[in-house]
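Work through the exercises below with the sequence and the coordinates at hand. Each task is followed by a solution in steps.

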Amino acid sequence: MSQIKQIKVNAIKNGTVIDHITAGKVRKVLDILELDGTEIVMVGMNLSSKKLNRKDIVKIENKELSRNEVNSIALVAPNATLIIIKDFEVEKKVSLEIPENIENLIVCPNPKCITNSEDIKSKFRLTKDEPVKVRCFYCEKKYLIDEVKIKK
Amino acid sequence: MKNLISMRDLSKEEILHLMDVTGKIEEGKIVPDMQRKLAALLFFEPSTRTMFSFDTAMKRMNGDTIIMSGTGQTSVKKGESFADTLQTIAQYSDIIIMRSPVEGAARYASEVVDIPVVNAGDGANQHPTQALLDLYSIVKTQGTLENLSIGLAGDLRFGRTVHSLAQAMALFNVKFKFISPSFLKMPQYIKDDLKSQKIEFEEYENIEDNIDDLDVLYVTRIQKERFADPEDYEKLKGSYILERPMLSNVKENLKVMHPLPRVDEIHTDVDNTEFAYYFPQAKNGVFTRQAIISILLGEV
Ligand SMILES: [Zn+2]
């Protein structure tokens, strides 16, 4: 058993693990990550999970995520857990949460929105809808998170 | 209240306060003095009626206006940034009143300048002074905003005015009848909002059979261009034209409203009935805008 686990999720010495990514969303998470191409990245897809049934996972050696990266990942994978590894030990474990105010992370899909004609930062707020939506602070249109493009 | 950008920003209390101030201005109990106050009317999209209404409101209070109208004469085309244009105008004036086809333009303006900004329409998004003058017309004719039965007729799909009115009236336990051709029905997101606020509404496809229990009938224009086939328009339009004989069994207190301009959706034979209220409604727009400007400039 432990042998199998070893193969599935190789341990890393230092770096970041993004666990409990909604199955199928790992590509979006990889899109968000600012990688210079030299990092060692391990990706697991459709792994079985107690919490989510199926999950994706990413491990990146020697990388700490920026605040922007963390907030953007929360948008595409709201159930994700961020684990910081130091010397093979878990140093910190945080559950991601979508911030109430989402600044400059989303491109407004409304072509008539001012954020698409002027050089200004987009601002979105979470709504109380179920499933959760985001509302553009400027044009006031509401969108599902799957309908919006995440800025890089 | 520092700016008026969206009905979404206003609480029920703020709306009622605004109604109260508007009433007092109309009755002459409050006489705001805007002498030496200058309003900049920036109309990046033409709308003569709304512009005249604001211009009149300001001048009725002894204030003055500077007007930038159309996109032709603005420096926007010369490559000056929108923010710079706004900042410059803000050096000259005490309040900016702005209409733009760009959605969110007024919100952005309010972040750029430190004088008050009034949204006079931003694309399909908001037109809060229209919603407020509609509310004022309703409270003035019905004595209350609570527990009324309101019919909204015409193009409910694309009509920004009816969307704002529906959302604003939802604060007051209203009962709606939505009357429109099936492909111009009230959008689902508005109906969802109303459901979550437990507001009752029913949907119908002709005016004639559905107005007898209404307190207010709000008619909007159905544009011919919305129809793919002009023949469909000709077939349908009769169901959405209000004519005098249809008013024989309506409630005594019924008022027929319309944001104007009217084309043919209300027959002129309705004009001299006691139900017609669209011209006084336009006049109410001036009082409402006087109240908004006065409140934002701290004069009341
Ligand atoms: Zn927007």
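A residue counts as buried under 20% relative accessible area, as exposed over 50%, and as partly exposed in between (1.4 Å probe, protein chains only). The model is predicted: local features need pLDDT of at least 70, side-chain atom pairs count only at pLDDT 80 or more, and totals for chains, interfaces and linings use all residues. Residues are numbered from 1 along each chain as its sequence is written, chains are lettered from A and ligands numbered from 1 in the order in which they are written, and side-chain values use heavy atoms, with hydrogens and water left out.

**Exercise 1. Describe chain A as a whole.**

Step 1. Take the burial. Of the 152 residues of chain A, 45% are buried.

Step 2. List the secondary structure. Helices (H or I, at least four residues) and strands (E, at least two) are DSSP runs, numbered from the N terminus. Chain A has three helices and 11 strands. Their order along the sequence is α-β-α-β-β-α-β-β-β-β-β-β-β-β.

Step 3. Take the extents. The C-alpha trace of chain A spans about 55 × 30 × 20 Å along its principal axes.

**Exercise 2. Find salt bridges that join the two chains, and state the burial of each partner.**

Step 1. Fix the criterion. A salt bridge is a side-chain nitrogen of Lys or Arg within 4 Å of a carboxyl oxygen of Asp or Glu. Over all chains, the structure has 26 salt bridges.

Step 2. Start at Arg8(B). Its side chain forms a salt bridge with that of Glu140(A), at 2.9 Å from N to O. This pair crosses between chains: Arg8(B) is in the segment before α1 (12-27) of chain B, and Glu140(A) is in the loop between β9 (133-136) and β10 (142-144) of chain A. Because its relative accessible area is 38%, Arg8(B) is partly exposed, whereas Glu140(A), at 6%, is buried.

Step 3. Extend the pair. Salt bridges link Glu140(A), Arg8(B), Asp9(B) and Arg107(B) in a network.

Step 4. Go on to Lys141(A). The closest N and O atoms of Glu103(B) and Lys141(A) are 3.2 Å apart in a salt bridge. Glu103(B) lies in the loop between β3 (95-100) and α4 (105-112) of chain B, and Lys141(A) in the loop between β9 and β10 of chain A, so this pair too joins two chains. Glu103(B) is buried, with a relative accessible area of 3%, while Lys141(A) is partly exposed at 29%.

**Exercise 3. Which helices of chain B hold Glu26(B) and Lys140(B)?**

Step 1. Confirm the contact. Glu26(B) and Lys140(B) form a salt bridge, with 2.8 Å between the closest N and O atoms.

Step 2. Assign the elements. Glu26(B) is in helix α1 and Lys140(B) in helix α5 (residues 128-142), and the two are 114 residues apart, which links distant parts of the chain.

Step 3. Check the accessibility. Glu26(B) is partly exposed at 29%, and so is Lys140(B) at 37%.

**Exercise 4. Classify two aromatic pairs by geometry.**

Step 1. Fix the criterion. Rings of Phe, Tyr and Trp (its six-membered ring) pair if their centres lie within 6.5 Å; planes under 30 degrees apart count as stacked, over 60 as edge-to-face and the rest as tilted.

Step 2. Count the pairs. There are nine aromatic pairs over all chains.

Step 3. Classify one pair in chain A. The ring centres of Phe137(A) and Tyr138(A) are 5.2 Å apart and the planes stand at 80°, so the pair is edge-to-face. Phe137(A) and Tyr138(A) are buried.

Step 4. Classify one pair in chain B. Phe44(B) and Phe82(B) have ring centres 5.7 Å apart and planes at 75°, so this pair is edge-to-face. It links distant parts of the chain, 38 residues apart: Phe44(B) is in the loop between β1 (38-43) and α2 (48-60), and Phe82(B) is in helix α3 (residues 82-92). Phe44(B) and Phe82(B) are both buried.

Step 5. Join the pairs. Ring pairs connect Phe137(A), Tyr138(A), Phe44(B), Phe82(B) and Tyr108(B) into a cluster.

**Exercise 5. Place Glu274(B) and state its accessibility.**

Step 1. Locate the residue. Glu274(B) is in the loop between β9 (255-257) and α9 (278-296) of chain B.

Step 2. Apply the cut-off. At 54% relative accessible area, Glu274(B) is exposed.

Step 3. Take a distance. The C-alpha atoms of Glu274(B) and Asp264(B) are 19 Å apart, with their positions 10 residues apart along the chain.
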